[in-house]
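Colleague: Please take me through this structure and say how each label is earned.

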Amino acid sequence: MIRPPAVAGSFYPSERATLEQEIDSFASTAEAVAPQRAIACLVPHAGYIYSGHVAGAVYARLELPKRILLLGPRHYPRGARMAILSDGAWRTPLGDAALDSEFAAELKRQFPSLVEDEVAHSREHAIEVQLPFLQRILGAKKNTFRFTPIALGPLRYEELAALGGAIASAIRASREAVLLIVSSDMNHYESDAITRVKDQKAIDELLALNARGLYDAVTREQISMCGFGPAVAMLTAARLLGATKAELVRYATSGDVNGDRSAVVGYAGITIR
């Protein structure tokens with residue numbers, strides 16, 4: 001099964017040369033440091049014009065492996081609440097990115113609640129917009145990668161923690177290094193001032209590697225962080241895998257781009273080692 005691109009031409013360019021040029025430009029703005037191996041990272045998924053520089057700064061400083069696990073929110077009320085895909089490829093203007101059937105099978109063995117479901121992924125942009133970054137950066141190093149996509153709907157903390165535990169077990173069982181990527185924007189459509197305050201509360205919990213703290217902060221403070229569920233699962237897995245440090249690589253809001261500070265979306269780029 002080849003999944004065609006759902007948001008090429010809207011969230012990111014549909015023309016190959018333009019897309020490559022944009023990704024190269026975003027990566028070039030990153031701080032000049034040697035690429036480092038990470039257990040996980042969090043990157044935004046808004047249109048590249050708004051959040052591409054944040055995602056690019058994260059990807060540019062990572063030593064990317066050939067095996068990727070991508071978690072994102074299910075923005076639309078369609079499909080399973082824990083939707084995985086195991087076979088085929090996803091197409092972007094940069095070519096086809098192959099799914100990792102071996103790793104997906106291990107994840108489903110560890111966590112049978114994961115459901116094979118094309119519907120939840122068919123129009124979802126959160127995972128799709130990460131693929132051109134991976135294709136461009138890894139492709140330049142002639143490093144072919146495989147990925148496993150999981151889209152998550154609304155879930156209780158206990159469900160997210162259980163998924164995180166299963167992810168950690170599957171990564172430990174892998175014969176290859178695995179990078180866990182969570183795709184999430186931060187607070188949505190409040191003023192820049194309010195968004196920065198709310199986002200900092202979520203970022204503090206992310207940097208503390210506190211899965212329960214993030215879940216409670218987002219719920220208590222009504223932070224509209226669309227991928228907080230995947231981030232809770234990520235933090236759970238990362239701690240079980242021995243993570244000790246998280247770093248905020250870059251933070252911005254859409255107001256930094258378009259000048260409208262009245263109703264913004266926040267974007268954070270975080271690495272976890």
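**Salt bridges and empty spaces**

Colleague: Why is R175 called exposed?

Modeller: R175 has a relative accessibility of 70%. Exposed means over 50% relative accessible area, buried means under 20%, and partly exposed lies in between, with a 1.4 Å probe and protein chains only. The value for R175 is therefore in the exposed class.

Colleague: What are these values based on?

Modeller: This is a predicted model, in which local features need pLDDT of at least 70 and side-chain atom pairs count only at pLDDT 80 or more, while totals for chains, interfaces and linings use all residues. Residues are numbered from 1 along each chain as its sequence is written, and side-chain values use heavy atoms, with hydrogens and water left out.

Colleague: What makes the contact of R175 and E102 a salt bridge?

Modeller: The term requires a side-chain nitrogen of Lys or Arg within 4 Å of a carboxyl oxygen of Asp or Glu. For R175 and E102 the N to O distance is 2.4 Å, so the pair qualifies. R175 is in the loop between α6 (157–173) and β9 (178–183), and E102 is in helix α3, so this pair ties together parts 73 residues apart in sequence. Helices (H or I, at least four residues) and strands (E, at least two) are DSSP runs numbered from the N terminus. E102 counts as partly exposed, at 38% relative accessibility.

Colleague: How do you know that R146 and D100 meet in a salt bridge?

Modeller: Their N to O distance is 3.5 Å, and the limit is 4 Å, so the pair counts. This pair also links distant parts of the chain: R146 belongs to strand β8 (residues 146–152), and D100 to the loop between β6 (95–99) and α3 (101–110), 46 residues apart.

Colleague: Which of the labels buried, exposed or partly exposed does D100 get, and why?

Modeller: D100 is called buried because its relative accessible area is 2%. Its partner R146, at 24%, counts as partly exposed.

Colleague: How many salt bridges does the rule give?

Modeller: The count comes to 27. One of them joins the side chains of K108 and E116 at 2.7 Å, N to O. K108 is partly exposed at 28%, and E116 is partly exposed at 39%. Elsewhere, salt bridges with shared partners join R67, D100, E102, R146, R175 and E176 into one network.

Colleague: What makes an empty space a cavity or a pocket?

Modeller: On a 1 Å grid over the protein atoms alone, a cavity is a set of points where a 1.4 Å probe fits but cannot get out; a pocket is an open set with protein on both sides within 12 Å along at least five of seven lines, and lining residues have an atom within 4 Å of a point. The largest pocket has a volume of about 250 Å³. Its lining has 16 residues, and the closest to its centre are A46, D185, H188, Y189 and V265. Strand β12 (264–272) is one of the elements that supply at least two lining residues, and it gives the largest share, three residues.

Colleague: How many cavities are there?

Modeller: The whole structure has two of 30 Å³ or more. The largest cavity has a volume of about 40 Å³, and its lining includes R74, Y76 and E124. The second largest, of about 30 Å³, is lined by Q36, A38, R61, L62, T271 and R273.

Notes: Points joined across faces, edges and corners; volume = space filled by probe spheres on them.
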